[in-house]
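Please open the structure in a viewer and keep the sequence panel visible beside it. The tour proceeds by selections, each followed by a description of what is found there.

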Amino acid sequence: VLPAGEWCEVCELFKPDRVHHCSVCNQCILNYDHHCVFINNCVGQRNFKFFMLFLLYTPLCGGFLVLSALPLMEQKWAVAAWRNDWWNLNFAAFFFTEALFAVIGLIFLVVHLQLLLLNRTSLEALYAPSWENPYDRGCAQNFRAKCPDCCVLWWLPVQGTEGK
């Protein structure tokens, strides 16, 4: 007889520690973090590195676009007649929308980087805030456990040999 909470009633399979059933994907996921609507997939053991890279590249690209458009935006802002030009209004809307995406992406990155370094999932942080984490092995070991590639390959969206 298995203890309660270690049997998935939907999949009818044994669930090891840190496995949760995703109701959207209808499957059990190891180290289930959350179901991400931006990538339309569950974030877990197999794709956590790629999710973190997505969170890293989003504010970097957004910040690059904002900084490269800033001189033109300042130039257009100085001219009072820019409000009458449809292209300039679209450019201003793009500029502020991209700045907003960069800031939101940076917030998501900081939150998930903190969870990565504590070796916690979003689900564990949400539903067990006072829980003492038995999986925490220190920042460096936690990072290597979730993103096992070497330093050179980690920044690239490729599957390393250690992650298989």
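The tour begins with the whole chain and then turns to individual strands, cysteines, loops and rings.

**Before selecting**

This is a predicted model, in which local features need pLDDT of at least 70, side-chain atom pairs count only at pLDDT 80 or more, and totals for chains, interfaces and linings use all residues. Residues are numbered from 1 along each chain as its sequence is written, and side-chain values use heavy atoms, with hydrogens and water left out.

**The whole chain**

Select the protein chain and colour it by secondary structure. The chain contains 5 helices and 6 strands; these are DSSP runs numbered from the N terminus, helices being H or I of at least four residues and strands being E of at least two. Followed along the sequence, the elements give the pattern β-β-β-β-β-β-α-α-α-α-α.

Next, display the surface. The chain exposes about 11000 Å², and 66% of that area is supplied by carbon and sulfur atoms; accessible areas come from the Shrake-Rupley method with a 1.4 Å probe, and for residues only the protein chains shown count as cover. Of the 164 residues, 31% are buried. Buried means under 20% relative accessible area, exposed means over 50%, and partly exposed lies in between (1.4 Å probe, protein chains only).

Contacts are counted where heavy atoms lie within 4.5 Å. Among contacts between residues at least 6 apart in sequence, 41% join residues at least 24 apart.

**Strands β3 and β4**

Select residues 19-22 and 27-30. These are strands β3 and β4, which run antiparallel and are joined by 4 bridges; two strands pair if DSSP finds at least two bridges between them. Within this pairing, His-21 has Cys-28 of β4 as its bridge partner. The hairpin has 4 residues between its strands.

Now select Asn-26, which is found in the loop between β3 and β4. Asn-26 has a positive phi of about 60° although it is not a glycine. With a relative accessible area of 49%, Asn-26 is partly exposed.

**The cysteines and Leu-13**

How many disulfides does a search of the whole structure find? The search finds 0, a disulfide being a pair of cysteine sulfur atoms within 2.5 Å. Select Cys-8 together with Cys-28 to see the sulfur of Cys-28 lying 3.4 Å from that of Cys-8, its closest cysteine sulfur, which is too far for a bond. Cys-8 is buried, at 3% relative accessible area, whereas Cys-28 is partly exposed, at 25%.

Add Leu-13, a residue of strand β2. Leu-13 and Cys-28 are 15 residues apart in sequence, and their C-alpha atoms are 8.8 Å apart in space. Leaving aside neighbours within four places in sequence, Leu-13 is in contact with Glu-6, Trp-7 and Cys-8.

Then select Glu-12, in the loop between β1 (7-8) and β2 (13-14). The phi of Glu-12 is near 55°, a positive value in a residue other than glycine. Is Glu-12 buried or exposed? At 54% relative accessibility, Glu-12 counts as exposed.

**Aromatic rings**

A pair of aromatic rings is described by the distance of the centres and the angle of the planes. Rings of Phe, Tyr and Trp (its six-membered ring) pair if their centres lie within 6.5 Å; planes under 30 degrees apart count as stacked, over 60 as edge-to-face and the rest as tilted. By this rule there are 3 aromatic pairs. One of them is formed by Phe-91 and Phe-94, a tilted pair at 6.4 Å centre to centre with 45° between the planes.

Select helix α2 (residues 86-118) to place this pair: Phe-91 and Phe-94 are 3 residues apart there, and so are separated by about one helical turn. Phe-91 is buried at 12% relative accessibility, while Phe-94 is partly exposed at 37%.

Move to Phe-95 and Phe-96, whose ring centres are 5.4 Å apart with the planes at 80°, so the pair is edge-to-face. Phe-95 is buried at 7% relative accessible area, and Phe-96 is partly exposed at 47%.

**Charges over rings**

A charge sits over a ring if NZ of Lys or CZ of Arg is within 6 Å of the ring centre and within 35 degrees of the ring normal. Select Arg-18 and Tyr-135: the charged end of Arg-18 sits over the ring of Tyr-135, 4.1 Å from the ring centre. Finally, select Lys-146 and Phe-48, where the charged end of Lys-146 sits over the ring of Phe-48, 4.5 Å from the centre.
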